[in-house]
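Dear colleague,

I am passing on the structure we spoke about, with the sequence and the coordinates together below. Please have it open beside this message while you read.

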Amino acid sequence: MTDGEQGELFPDASLPDELVGYRGPAACQIAGITYRQLDYWARTKLVAPSIRTAHGSGSQRLYSFKDILVLKIVKRLLDTGVSLQNIRVAVEHLRERGVRDLAKVTLFSDGTTVYECTSPEEIVDLLQGGQGVFGIAVSGAMQEISGTIHEFPAERADGGVVETVRPDELTQRRNARRTG
């Protein structure tokens, strides 16, 4: 790793499995959105579950780690006043990237347009325009999700057993503080 280069967010073995997902209620809690938002975004294909879609009454959608990350980013963009139309354009760009690529992206917005920056030079160029912008570091959202996602039950799309990951010491302390 060179100076100024960020380490990888997921070591090779801990990269989220494409078959492991989370049901709608868990996805809502992890991303900080309401079930109504989740349902609307799935029906309008803003953020559809990539592992399993709902097929009729009683079936459960299954959201991947990447889906939940995009849900969290959409929520942050909405909270800052970006229109759903502009968010749809940003989400299309995010869908084209893998999880590792997303960790290198910072999204900026002036409240109207969403800009994707992947290097310090792009950020400087954007800021030199003099326009007020806010930024969302995708890697920060990934770390937030990574810290809480293990508290929720996961499912495998193929019906297999999900190996539970033992929480780290910091997570155990946080949980103890909350309950005790």
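What follows goes from the whole chain to its core, then to the helix pairs, and ends with a few single residues.

Please keep in mind throughout that this is a predicted model. The protein chain holds eight helices and six strands, and read from the N terminus its elements follow the order β-α-α-β-α-α-α-β-β-α-β-α-β-α. Of the 180 residues in the protein chain, 34% are buried, while the area that the chain exposes comes to about 10,900 Å², with carbon and sulfur atoms supplying 50% of it. Among contacts in the chain with a separation of 6 or more, 65% are between residues 24 or more positions apart.

The core

In soluble globular proteins, nonpolar side chains tend to be buried together. Here the largest nonpolar core has 38 residues, and those with the most contacts inside it are Ile68, Leu69, Leu71, Val74, Leu77, Leu107 and Val138. Two or more residues are given to this core by each of α1 (24-31), α2 (35-43), α3 (65-79), α4 (84-95) and α7 (138-148), and the largest share, eight residues, comes from α3. If you would like one residue from which to explore this core, you could take Leu107, which is one of those with the most contacts inside it. When its neighbours within four places in sequence are left aside, Leu107 is in contact with Ile73, Leu77, Leu94, Val114, Tyr115, Glu116, Phe134, Gly135, Ile136 and Val138.

The helix pairs around α3

Three helix pairs that include α3 can be described in some detail. The axes of α3 and α4 come within 11 Å and cross at roughly 150 degrees; because that angle is over 145 degrees, α3 is roughly antiparallel to α4. The crossing in which α3 passes α4 is right-handed, and the residues that meet there are Lys66, Val70, Ile73, Val74, Leu77 and Leu78 from α3 and Leu84, Ile87, Val91, Leu94 and Arg95 from α4.

The pair formed by α3 and α7 packs at an angle of about 120 degrees, with the axes 10 Å apart, which makes α3 oblique to α7. This crossing, too, is right-handed. On the α3 side the contacts are made by Phe65, Ile68, Leu69, Lys72, Ile73 and Arg76, which meet Val138, Ala141, Met142, Glu144, Ile145 and Ser146 in α7.

For α1 and α3, the packing angle is about 50 degrees and the axes are 9 Å apart, so that α1 is likewise oblique to α3. Again α1 passes α3 in a right-handed crossing, and here Ala27, Ile30 and Ala31 in α1 meet Ile68, Leu71, Lys72 and Lys75 in α3.

The cover on α1

How many of the eight residues in α1 are buried? Six of them are, and the helix is thus mostly covered; the buried residues are Gly24, Ala26, Ala27, Cys28, Ile30 and Ala31. These buried residues pack against β1 (20-23), α2, β2 (62-63), α3 and α7.

Single residues to look at

Following α1 comes Gly32, which has a positive phi, near 80 degrees, and which is placed in the loop between α1 and α2. Gly32 is partly exposed, with a relative accessible area of 42%. Although Gly32 and Leu71 are 39 residues apart in sequence, their C-alpha atoms are 8.6 Å apart in space.

Most residues other than glycine have a negative phi, and most peptide bonds are trans. Against that background you may wish to look at Lys45, a residue other than glycine whose phi is positive, near 65 degrees. Lys45 is in the loop between α2 and β2, and with a relative accessible area of 59% Lys45 is exposed.

Arg43, by contrast with that loop residue, lies in helix α2. Arg43 also counts as exposed, because its relative accessibility is 54% and the cut-off for that class is over 50%. The C-alpha atom of Arg43 is separated by 9.9 Å from that of Ala54, a residue eleven places away along the chain.

With best wishes

How values were computed: Residues numbered from 1 in each chain as written. Predicted model: local features only at pLDDT ≥ 70, side-chain atom pairs only at ≥ 80, totals over all residues. Heavy atoms only, no water. Core = buried A, V, L, I, M, F, W, Y, C linked by side-chain atoms within 4.5 Å. Buried < 20%, exposed > 50% of the residue type's maximum accessible area, 1.4 Å probe, protein only. Helix = DSSP H or I, 4+ residues; strand = E, 2+ residues; numbered from the N terminus. Contact = heavy atoms within 4.5 Å. Areas by Shrake-Rupley, 256 points an atom, 1.4 Å probe, with all protein chains shown as cover. Axes fitted to C-alpha atoms, helices over the stretch in contact; angles between N-to-C directions. Parallel < 35°, antiparallel > 145°, perpendicular 65-115°, else oblique. Left-handed = near helix turned anticlockwise from the far one by under 90°.
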